[in-house]
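Hi,

Here is the structure I promised to pass on. Have a look at it first, and my notes on what turned up follow below.

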Amino acid sequence: MIRVSIFASCLVVVALAHVYKYDPDVSVVMKYDMQGVQVEVLKRGECDKKCDPGDMLTAEFHGFLAETKERFESSEDHQKPSSFKLGHGYMIKGLEIGLQNMCVGEIRRLHIPAPLAYGKIGDGKNVHPGADLIYDVEIINIQKGKRPPNIFAKIDLNHDKMISRDEMENFILGTGRAVTLRGQSEINSVLDEIFKLEDLNHDGVIEMHEFSGPKASKHDEL
């Protein structure tokens, strides 16, 4: 029992020694802005192929609160790289933007302002309202996939490149989501939550650049 306990203690020490921490002195190869996300390239990758919307990415990632540099989530928590689809709106906007065109082996540090993260409401767990975030991300593998459907265009019925509250409600009703909602008051609550997250300038409509779900690329718009 004593030997097992000593061995287990050694494993814990080794594991703690390898916990990824924020390094303020890391060398930066280049830096630039991507639609409000400040990107720092920490390591160039093998760019025989770059990731596009619809691709399945496998990555090591580590998220930090910008103010305190406290780590609030990491692929290390699952003891293996994480896999996710790019461009489907499954991640916060800042990650959807900042991961575009990455290569296998590339490492980026993404400085994500609160409006492109969890905004004024936080994540209800470790990210407080109004928190700016930092992510260190390394792409391990890219599996090419199909570009996601243009959901923005399906919601934008009058094609003015803005989504009104009525258009969003029509979309929710059309998907059958309303079946799980208890009356108009609950539908209104869902709409309030969507617009709180998506309507960044609070003008009552969701413009294309604000929309975090699948939409046309700039190339498709031309």
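Tyrosine 135 has a relative accessibility of 1% in this predicted model, and because buried means under 20%, the residue counts as buried. Phenylalanine 61 comes out at 14% relative accessibility, so this residue is classed as buried too. I mention the two together because their rings form a pair: phenylalanine 61 and tyrosine 135 are 6.4 Å apart centre to centre, with 40 degrees between the planes. That makes the pair tilted, since the label edge-to-face is kept for planes over 60 degrees apart and stacked for those under 30. In sequence the partners are 74 residues apart, with phenylalanine 61 in strand β4 and tyrosine 135 in strand β9 (residues 133-143).

Those two strands are also joined directly. β4 and β9 run antiparallel and share ten bridges; in one of them, glutamate 60 has glutamate 138 of β9 as its partner. β9 has a further antiparallel partner in strand β8 (residues 107-112), with six bridges between them. There, isoleucine 112 stands opposite leucine 133 of β9.

From here it is a short step to the core. The largest nonpolar core has 29 residues, and the members that touch the most others are Leu95, Leu99, Leu110, Ile112, Leu133, Tyr135 and Val137. Two or more residues come from each of β2 (37-43), β4, α2 (93-98), β8 and β9, and β9 gives the most, with five. For a closer look, try leucine 95: beyond its neighbours within four places in sequence, leucine 95 is in contact with Leu110, Ile112 and Tyr135. A second core is separate from this one and holds 13 residues, among them Ile155, Ile163, Ile187 and Phe195.

Now back to the rings, which may be of interest to you. The structure has five aromatic pairs. One of them is formed by tyrosine 22 and phenylalanine 64, with 5.5 Å centre to centre and 70 degrees between the planes, an edge-to-face arrangement. This pair also links distant parts of the chain: tyrosine 22 is in the loop between α1 (2-17) and β1 (30-34), while phenylalanine 64 is in strand β4 (residues 56-65), 42 residues apart. Both tyrosine 22 and phenylalanine 64 are buried. Ring pairs join Tyr20 to these residues as well, giving a cluster of Tyr20, Tyr22 and Phe64. What sits over the ring of tyrosine 22? The charged end of lysine 69 does, 5.5 Å from the ring centre.

One hairpin deserves a mention. β1 and β2 pair in the antiparallel sense over five bridges, with tyrosine 32 opposite valine 39 of β2. Two residues lie between the strands of this hairpin, and glutamine 35 takes a positive phi near 50 degrees.

Finally, some overall numbers. The secondary structure comes to six helices and eleven strands. Of the 222 residues in the protein, 38% are buried. Among contacts with a separation of 6 or more, 63% are between residues 24 or more positions apart. The protein exposes about 13100 Å², and carbon and sulfur atoms supply 55% of that area.

Happy browsing, and write back if you would like to talk any of it through.

Best wishes

Note on methods. Residues are numbered from 1 along each chain as its sequence is written. This is a predicted model: local features need pLDDT of at least 70, side-chain atom pairs count only at pLDDT 80 or more; totals for chains, interfaces and linings use all residues. Side-chain values use heavy atoms; hydrogens and water are left out. Rings of Phe, Tyr and Trp (its six-membered ring) pair if their centres lie within 6.5 Å; planes under 30 degrees apart count as stacked, over 60 as edge-to-face and the rest as tilted. Helices (H or I, at least four residues) and strands (E, at least two) are DSSP runs, numbered from the N terminus. Buried means under 20% relative accessible area, exposed over 50%, partly exposed in between (1.4 Å probe, protein chains only). A charge sits over a ring if NZ of Lys or CZ of Arg is within 6 Å of the ring centre and within 35 degrees of the ring normal. Contact means heavy atoms within 4.5 Å. Accessible areas come from the Shrake-Rupley method with a 1.4 Å probe; for residues, only the protein chains shown count as cover. Two strands pair if DSSP finds at least two bridges between them. A nonpolar core is a set of buried Ala, Val, Leu, Ile, Met, Phe, Trp, Tyr and Cys residues joined through side-chain atoms within 4.5 Å.
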